Every structure is written in C-alpha cells, then in structure tokens.
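Visitor: Could you take me through this protein and tell me what stands behind each term you use?
Guide: Gladly; let us look at it together.

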Amino acid sequence: MRRPAALASAALACAGATAGAADYLPEIPYPFANQQEFWINSQPLADRDLAGRVVLVMFWSYGCHNCRNSLAWINDLHERRGSNRNLAIIGVHTPEFESEKDKQALRDQVGRLGLEFPVMIDNDFLFWNALGNRWWPAFYIADRQGQLRGSYFGEVHSGTDRARRIEALIGGLLSP
C-alpha cells in the first residue's frame, strides 16, 4: 500500500524541506506522470506504476563529472537487477547548467552514455524540490510502500563500500 494521498501532497508542498526530511518518496508530479516529452527510455511513470516496487532514484546531470563517474555503477546495477519487476531504477536528470535543459541534447547524451533505465527530465527542479534534494549525484531508495529507507550523496563506484551498502539495502528490501 502506498502512502496516503494527503501525505504525498504534503511532501510536494514542502519543496523547501531539507534533504532527508521527507519520509516518503513524493508522487511523480504533473506533468511528468502524464507527458512522454519528459521521459527517455520509458513511457511516463506515475505513482501507480511504482506501487509495490522498491525504487532507486538517482538525481544526476550530464555535465556533472561526479554523476558521469557513477553511471558505470548504476548501469551495472540496472543490468544485474533491472529485469527484476520488483525494482524500479529511475534517473532524474536535473540540469546543473542552463545548457543541459535542451531535451534533444539530453536524449543524445543518454544514448551516448548507454543508459537503458527510465530517465525523467526535471528541468524545472519540481521533483528535486519535492524531495528536498541538494546534491548531484544523489541516490534515494524507497521500499515497496514508498517509505524512504536510504539516501546517499556523491559518486558511487562498483565494488566500493558505498555501492555494497546501497545494494545490500536494495537486496534486503526486495527480500520477502
């Protein structure tokens, strides 16, 4: 069961909250949940599409060196676990620089970087603010009920302690 609609609305309303203050992953705001132009590698995702699934959200920007360094790990994780219907990996591209707001340039970068997981285009920082995020890259993990269970900030590389902690958390949340 996902969080109550009133709680989700409250999470969106507290855009000024500090990172980690939200207890639940906020609803995917309109227009993202309804319009294809805001998605790469996926049809528009809405809260109902994530119901009952563990969700890993990665905030990133293609001009961010630390984000690009983390993409090998997230691609590897997607390759190993992406076929698991109980896990959703969503990249939220929130531009660090004005030039990164160009949707076609982002689509080209996603192709060049070999990303296959869904990427939401968050040019106006709607989802970023709803979650109270402040960093690139940032990783948020929510359980099957949408409750946030972990957040990690900064680069992640395969085989590191940080990667193992994130993957252990995900594995635990996926276990029956």
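**Core and pocket**

Guide: The largest nonpolar core has 30 residues, of which Leu-56, Trp-60, Trp-73, Ile-74, Phe-139, Ile-141 and Ile-170 touch the most other members. This is a predicted model, in which local features need pLDDT of at least 70, side-chain atom pairs count only at pLDDT 80 or more, and totals for chains, interfaces and linings use all residues. Residues are numbered from 1 along each chain as its sequence is written, and side-chain values use heavy atoms, with hydrogens and water left out.

Visitor: What makes a set of residues a nonpolar core?
Guide: The members are buried Ala, Val, Leu, Ile, Met, Phe, Trp, Tyr and Cys residues joined through side-chain atoms within 4.5 Å, where buried means under 20% relative accessible area with a 1.4 Å probe and protein chains only. Apart from the largest core lies another, of 24 residues, including Phe-32 and Leu-148.

Visitor: With which residues is Trp-73 in contact, leaving aside its neighbours within four places in sequence?
Guide: Trp-73 is in contact (heavy atoms within 4.5 Å) with Leu-56, Phe-139, Val-156, His-157, Ser-158, Ala-163, Ile-166 and Glu-167.

Visitor: How do the residues lining the largest pocket divide, and what makes a residue count as nonpolar?
Guide: The lining divides into 5 nonpolar, 4 polar and 3 charged residues; Ala, Val, Leu, Ile, Met, Phe, Trp, Tyr, Cys and Pro count as nonpolar, Asp, Glu, Lys and Arg as charged, and the others as polar. Therefore Leu-45 and Pro-118, both in the lining, count as nonpolar, and Arg-53 as charged.

Methods:
1 Å grid on protein atoms, 1.4 Å probe; cavity = no way out; pocket = protein on both sides within 12 Å on 5 of 7 lines; lining within 4 Å. Buried < 20%, exposed > 50% of the residue type's maximum accessible area, 1.4 Å probe, protein only.
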